[in-house]
Amino acid sequence: MDVGFKTDTGAKRSNNEDAFFVMMNDGIYILADGVGGTNSGEIASRTAVNEVAQYFENKPLVATSKEEICTEIFAAIKSANDRVYKMSQKIAANRGMATTIVVACVRGKNLYVANVGDSRTYLYEKGTLSQVSEDHTYVNALVKAGVISREEAEHHMDKNMITKAVGAEKDIKPDFFHITLTEEACLLLCTDGLYGEVPEEEIIRVFDEGMSMTETCDKLVEMANENGGHDNITVICIKLMEDEIR
């Protein structure tokens with residue numbers, strides 16, 4: 001397995017509110033993008049990522065069925081939600097803090113993804129890029145309702161308004177997805193600092209170059225900054241080897 005990862009403050013921000021954790025031996029990848037005043041977003045994202053990672057360190061994921069894996073990932077995210085929510089209620093300076101989160105788990109040819117908010121998981125395959133996760137945003141709700149088109153959503157004034165986040169409420173229900181992978185598959189986990197700056201066709205061109213996943217991450221972050229770098233940028237890129245897809 002070839003795994004690359006990179007996080008960058010971006011060209012316009014003074015601090016980085018993104019967080020990520022790679023559990024390569026367990027096939028678990030976690031990424032988050034915090035929201036909140038002062039440094040609360042940074043606290044929320046790091047707390048959530050650490051909580052999920054700690055959950056699986058204490059209770060390794062040995063489940064094999066889709067239902068069991070879903071249950072365990074949801075339990076880890078619930079643990080993160082409980083921790084962030086309690087911190088936001090207990091400390092006045094952290095009031096209102098929350099974070100997106102996306103957790104991807106690779107088991108042989110199976111990809112399991114759970115997400116809250118608008119951090120994304122993509123599947124790159126044979127020159128195409130498809131979004132696996134579901135954005136919990138106001139504009140995505142409008143798109144699903146047929147009120148606006150996806151093209152209109154790209155330029156909507158409220159496109160960054162998320163409707164669900166870890167720590168925002170006492171209870172949370174992530175979305176869950178299962179994809180069967182092929183030998184040509186690469187995975188991309190990223191915050192909106194990437195996909196908000198780099199169009200999908202440009203992301204595809206980078207993967208088409210066939211670079212290592214570390215080089216791919218470096219190039220994607222570089223492009224996001226060149227295109228404005230208005231937000232923090234975090235990417236995790238994963239390429240499975242042929243003998244791992246079985």
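This tour proceeds through the structure in a series of selections, with a note on what is found at each.

The model is a predicted one, in which local features need pLDDT of at least 70 and side-chain atom pairs count only at pLDDT 80 or more, while totals for chains, interfaces and linings use all residues. Residues are numbered from 1 along each chain as its sequence is written, and side-chain values use heavy atoms, with hydrogens and water left out.

**The largest nonpolar core**

Select I30, F56, I73, I77 and I101, which touch the most other members of the largest nonpolar core, a set of 30 residues. A nonpolar core is a set of buried Ala, Val, Leu, Ile, Met, Phe, Trp, Tyr and Cys residues joined through side-chain atoms within 4.5 Å. Buried means under 20% relative accessible area, exposed over 50%, and partly exposed in between, for a 1.4 Å probe and protein chains only. At least two residues of this core come from each of β2 (18–23), β3 (28–35), α1 (40–58), α2 (66–90), β5 (101–107) and β6 (110–116). Helices (H or I, at least four residues) and strands (E, at least two) are DSSP runs, numbered from the N terminus. In soluble globular proteins, nonpolar side chains tend to be buried together.

Centre next on I77. Not counting residues up to four places away in sequence, I77 touches V52, I101, V103, A114, V116, V166, I172 and P174, where contact means heavy atoms within 4.5 Å. Another core, of 22 residues, lies apart from the largest one and includes V198, V206, M223 and C237.

**Helix α1**

Select residues 40–58. The 19 residues of α1 reach 26 Å from first C-alpha to last, close to the 27 Å expected at 1.5 Å a residue; the expected span is 1.5 Å times one less than the number of residues. Among the buried residues of α1 are G41, A44, A48, V52, Y55 and F56. The partners against which the buried residues of α1 pack are β2, β3, α2, β4 (98–99) and β5.

**Aromatic pairs**

Five aromatic pairs are found in a search of the whole structure. Rings of Phe, Tyr and Trp (its six-membered ring) pair if their centres lie within 6.5 Å; planes under 30 degrees apart count as stacked, over 60 as edge-to-face and the rest as tilted. Show Y55 and F56: their ring centres are 5.3 Å apart and their planes stand at 85°, so this pair is edge-to-face. Both Y55 and F56 are buried.

Move on to F74 and F176, an edge-to-face pair with 6.1 Å centre to centre and 85° between the planes. F74 belongs to helix α2 and F176 to strand β9 (residues 175–180), so that the pair links parts of the chain 102 residues apart. F74 counts as partly exposed because its relative accessibility is 23%, and F176 is also partly exposed, at 22%. Add Y112 to the selection, since F74, Y112 and F176 form one aromatic cluster.

**Helix α7**

Select residues 213–226, the helix α7, in which T216 has its place. The 14 residues of α7 should span 20 Å at 1.5 Å a residue, and the end C-alpha atoms are indeed 20 Å apart. Colour M213, T216, C217, L220, V221, M223 and A224, which are buried. Seen down the axis, the buried residues fall within an arc of 160°, so they line one face of α7; the arc is that of the directions from the helix axis to the C-beta atoms. These buried residues pack against β1 (2–8), β10 (186–190), α5 (192–195), α6 (200–208) and β11 (233–239).

Within α7, T216 has a relative accessible area of 1% and is therefore buried. Leaving aside neighbours within four places in sequence, T216 is in contact with V206, F207, M211 and C237. Just after α7 comes G228, whose phi is positive, near 140°.

**Strand β1 and a loop**

Go to G4 in strand β1. G4 counts as buried, at 1% relative accessibility. Beyond its neighbours within four places in sequence, G4 is in contact with M213, T214, C217, V235, I236 and C237.

End at K126, in the loop between β7 (120–125) and β8 (128–131). K126 has a positive phi of about 50° although it is not a glycine. Most residues other than glycine have a negative phi. With a relative accessibility of 64%, K126 counts as exposed.
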